[in-house]
Amino acid sequence: MRRIAMAAAALTVACAGLAVVTGTAAAAPVDASLGCRLYFSDAGTGTSPTTWADTFTLSQSPASPAAGQTVTVTLAAVAGVTNGPVPLNAGDVPVRVTVALGGAQTGTVTLDQAAYPAAAKAAGVPLGPISATGTYTAAAAGTVTLVVRQVAFANTTATTYCSASGDRDHKAAPVDTPVTASAVVTPGPSGSASPSASASASASPSASASASASVSPSASASSTEAATPAETFGPASVTMKCKTLSTIRDWTATHTLTMSPANPGHGANVTVTYTFDNGGKNGPAPIAAGDLKPTATVKLSGAQSGTVKLTGPAYGSIAAQATVPGATLTGQFVASTPGVVTLTVADILFDHPQVDTECNKGSDPVTSPADTTIVARFTVKSTPATPSEVTGEALPKTGDGGILPVILLWGTALLLTGVGALVVLPRRARRRIVLE
């Protein structure tokens, strides 16, 4: 599991600047510096403050749009941030930029560069040029200003948020940067404004902290609202601790966390799928068919909070000393609020009638549990869900008063055993528990 390499290294990059778009002309780029903090698993108030200086250009096309036109906004940076002490694979650190609109039109636009860096990078080198794009619909005639409010480098383990220079909580309290642009929107063919005066792009991961975070389900939005690519997790190797009674041991497997649909309208039923490729090795006693079921708890944060419960059907019989197969667990919830939603696998519980096995990132998974590093994100649009998204092939739901409905679906199960691991004897042994 790679950690974004900004954790232990300063974000020292070449200085740069800003381009201002006025009508059809663009000024030359100028220098700007941003302050940044690192957020592990996209949580907390941030650590490791750094400064990122680069050459920025903020532009849009067309440079002088007519009301009703779709406008493409691009933020470019010459060198990109400097990598820390950990090498990165290509695409490990997707870039998301929040641009605030002002003047004749208000709202936010999300710009994305999903494949960043473009190639694998060694420790301590610049990650390379940035070119993040997004769209909005020009609404009303007049001058529209664009300001880069926040830049996020969204590694699955640790996200770095940047805004104006200075040290602060750049995720929850971003300050507009000096990277700005402006454009004159001309009247449309009929001389009237388009149906919406707000930006058409969905909110960025900083939406929970920005002015656009509280967009209500009834907020208007363009039918051309841009899709923000979802950030699924894995497949990637993750090691966590598992505890059965007093025995604690490591469990390493390849994990994947996905969601579908990945860019729905609000009110959609979203299916969460979590898989791992192995379940360790069984002990000297066989496990009877039907005795073992897996469950997982996925936390929601960002635009929506709560939990989703994932479960699976019982395994068949598992022979002594056999390698337990992997599992696929799924669950569903209603995406009720526009904005970026973060999914974090918080806990995995292997349910057995004799004794449970609990796994997470805590040093003691039972007495001091901790969320795993298995994290995914997707954007819920401010437009309503389509009929097919609402239907979502939903299965029967459970939940606390319908605030966050969840469903229990099917998967597979295991009992993590091995050297010093718990062995559960069959029921006819009267549920005796033995430690190897």
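Strand E19 is mostly covered, with 11 of its 13 residues buried. The model is predicted.

**Strand E19 and its partners**

E19 spans residues 339–351. Strand E16, residues 293–302, pairs with E19 in the antiparallel sense, over 10 bridges. Within this pairing, Pro294 stands opposite Phe350 of E19.

E19 also pairs with strand E21, residues 375–384. The two run antiparallel and are joined by six bridges. Here Gly339 has Val380 of E21 as its bridge partner.

A further antiparallel pairing links E19 and E20, over three bridges. Phe350 faces Thr357 of E20 in this case. Phe350 therefore stands opposite Pro294 and also opposite Thr357. How many residues make up the hairpin connection from E19 to E20? The hairpin runs through five residues.Thr344 gives a residue-level view of E19. Is Thr344 buried or exposed? Its relative accessible area is 7%, so Thr344 is buried. Leaving aside residues up to four places away in sequence, Thr344 touches Thr297, Val298 and Lys299 among others. Its contacts also include Asp371, Thr372, Ile374 and Val375. Of these, Val375 falls in the range of strand E21, residues 375–384.

**Disulfides**

The structure has two disulfides. The table lists them.

| Pair | S to S | Torsion about S-S | Handedness |
|---|---|---|---|
| Cys36 and Cys162 | 2.1 Å | 105 degrees | right-handed |
| Cys242 and Cys359 | 2.1 Å | about 115 degrees | right-handed |

Which parts of the chain does each disulfide connect? Take Cys36 and Cys162, joined by a disulfide. This pair links distant parts of the chain, 126 residues apart. Cys36 sits in strand E3, residues 30–40. Cys162 sits in strand E10, residues 158–164. Both cysteines, Cys36 and Cys162, are buried.

The other disulfide joins Cys242 to Cys359. Cys242 lies in strand E12 (residues 233–244) and Cys359 in strand E20 (residues 357–360), so the pair ties together parts 117 residues apart in sequence. E20 is also the strand that the hairpin joins to E19. Cys242 and Cys359 are both buried.

What is the pairing when the bonded cysteines are numbered in sequence order? The pairing is 1-2, 3-4.

**Strand E10: Thr160 and Tyr161**

Strand E10 holds Thr160 as well as Cys162. Thr160 has 1% relative accessibility, so it counts as buried. The C-alpha atoms of Thr160 and Thr47 are separated by 9.3 Å. Along the chain, Thr160 and Thr47 are 113 residues apart.

Tyr161 brings in the aromatic pairs, of which the structure holds nine. One of them is formed by Tyr39 and Tyr161. Why is this pair edge-to-face? The ring centres of Tyr39 and Tyr161 are 5.3 Å apart and the planes stand at 90 degrees, so the pair is edge-to-face. The pair links distant parts of the chain, with Tyr39 in strand E3 and Tyr161 in strand E10, 122 residues apart. Tyr39 and Tyr161 are both buried. E3 and E10 are thus linked by this aromatic pair and by the disulfide of Cys36 and Cys162.

**An aromatic cluster**

Tyr116 and Phe153 form another aromatic pair. Their ring centres are 6.3 Å apart, and the planes make an angle of 45 degrees. This pair is tilted. Where do Tyr116 and Phe153 lie? Tyr116 is in the loop between strand E7 (107–113) and strand E8 (130–137). Phe153 is in strand E9, residues 142–154. The two residues are 37 apart in sequence, so the pair ties those parts together. Tyr116 is buried, as is Phe153.

Which residues form one aromatic cluster with Tyr116 and Phe153? Trp52 and Phe56 do.

**Recap**

E19 pairs with E16, with E21 and with E20, in the antiparallel sense each time. E20 also carries Cys359, bonded to Cys242 of E12. In the other disulfide, Cys36 of E3 is linked to Cys162 of E10. The pair of Tyr39 and Tyr161 connects E3 and E10 as well.

Technical notes. Residues numbered from 1 in each chain as written. Predicted model: local features only at pLDDT ≥ 70, side-chain atom pairs only at ≥ 80, totals over all residues. Heavy atoms only, no water. Disulfide = S-S within 2.5 Å. Helix = DSSP H or I, 4+ residues; strand = E, 2+ residues; numbered from the N terminus. Buried < 20%, exposed > 50% of the residue type's maximum accessible area, 1.4 Å probe, protein only. Contact = heavy atoms within 4.5 Å. Phe/Tyr/Trp six-rings, centres within 6.5 Å; stacked < 30°, edge-to-face > 60°. Pairing = 2+ DSSP bridges.
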